[in-house]
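Biologist: I am new to this structure. Please take a close look at one part of it, the sheet, and show me what surrounds it.

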Amino acid sequence: MVDRQQIRHAKALERRAIKSGNWGEWRHTPLPNGLPGGHGWCREIRSAYANDLYSVLIRPLETRWGLVHHLAIRTISNLEPPWRDKQRIKDELFGERFTAIEVMPPRAEVIDQADMYHIWVLPNQSPLPFSLFDARHEARAKRVCGVCQAVGDADHAGHCSESW
């Protein structure tokens, strides 16, 4: 049993690690049969990573966008990771080229049984249809399809089997 003093000490250590950025090395644990004792989506987890601050469960999902990786992130004392740490986790485990998203689902799909924070890492060539950078959207809108020669997403949608 963990007492309040141990919890306070763990939280203080975690806050220092978050502030300093010193997390230690990632340790990898393959989970080919899912999370032991897991139920629901936890049975689909295939690997776990941990360092001195965070643990990350990874669940690969085959989707119409391609292979997406669901990451469930937490600390021992359940501190919420700041945005920059989620970005760093994505970069260190998957690479800087990848896009990840955090989802606020419809109320009926909310599962809030543990203080875990979830992001989904998209396939490498799956940019989102929106961004903070207008130039990226302008470049996408001016693309020309190699199959039907349509210019931009609006002209291309619905009449060509080529996906971009």
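**The sheet and its surroundings**

Modeller: Strand 1 runs antiparallel to strand 2 (residues 47-50), and four bridges join the two. One of the pairs can be named: Arg 27 has Ala 50 in strand 2 as its bridge partner. Keep in mind that this is a predicted model.

Now step back to the whole sheet. Six strands make it up, and the sheet is open. Their order is 1-2-3-4-6-5, with antiparallel pairing. Strand 1 (27-30) and strand 5 are at the edges with a single partner strand each, so each has one side without a neighbour in the sheet. Helix 2 packs on this sheet. The helix touches strand 2, strand 3, strand 4, strand 5 and strand 6. Its direction makes about 65° with that of strand 3.

Next, follow strand 4. Strand 4 covers residues 66-75, and eight of its 10 residues are buried. With strand 3 (residues 54-63), strand 4 pairs in the antiparallel sense over 10 bridges. Two residues lie between these strands, which form a hairpin. Tyr 54 has Thr 75 in strand 4 as its bridge partner. Strand 4 also pairs with strand 6, again antiparallel, over five bridges. There, His 70 has Trp 120 of strand 6 as its bridge partner.

Strand 6 leads on to a pocket. The largest pocket has a volume of about 800 Å³. It is lined by 21 residues, and the closest to its centre are Pro 105, Ile 111, Met 116, His 118 and Trp 120. So Trp 120 appears twice: as the bridge partner of His 70, and among the residues closest to the centre of this pocket. Strand 6 (residues 117-121) gives the most to the lining, with three residues. By class, the lining has 11 nonpolar, three polar and seven charged residues.

Helix 2 leads on to another pocket. The second largest pocket holds about 540 Å³ of space. Of its 17 lining residues, Trp 83, Gln 87, Thr 99, Ala 100 and Leu 128 are the closest to its centre. Two elements give two or more residues to this lining: helix 2 (83-94) and strand 5 (100-101). Helix 2 has the largest share, four residues. The lining divides into nine nonpolar, three polar and five charged residues.

Methods
Residues are numbered from 1 along each chain as its sequence is written. This is a predicted model: local features need pLDDT of at least 70, side-chain atom pairs count only at pLDDT 80 or more; totals for chains, interfaces and linings use all residues. Side-chain values use heavy atoms; hydrogens and water are left out. On a 1 Å grid over the protein atoms alone, a cavity is a set of points where a 1.4 Å probe fits but cannot get out, and a pocket is an open set with protein on both sides within 12 Å along at least five of seven lines; lining residues have an atom within 4 Å of a point. Grid points are joined across faces, edges and corners, and a volume is the space filled by probe spheres set on the points. Ala, Val, Leu, Ile, Met, Phe, Trp, Tyr, Cys and Pro count as nonpolar, Asp, Glu, Lys and Arg as charged, and the others, Gly among them, as polar. Buried means under 20% relative accessible area, exposed over 50%, partly exposed in between (1.4 Å probe, protein chains only). Two strands pair if DSSP finds at least two bridges between them. Contact means heavy atoms within 4.5 Å. Axes are lines fitted to C-alpha atoms, for helices over the stretch in contact, and angles run from 0 to 180 degrees between N-to-C directions.
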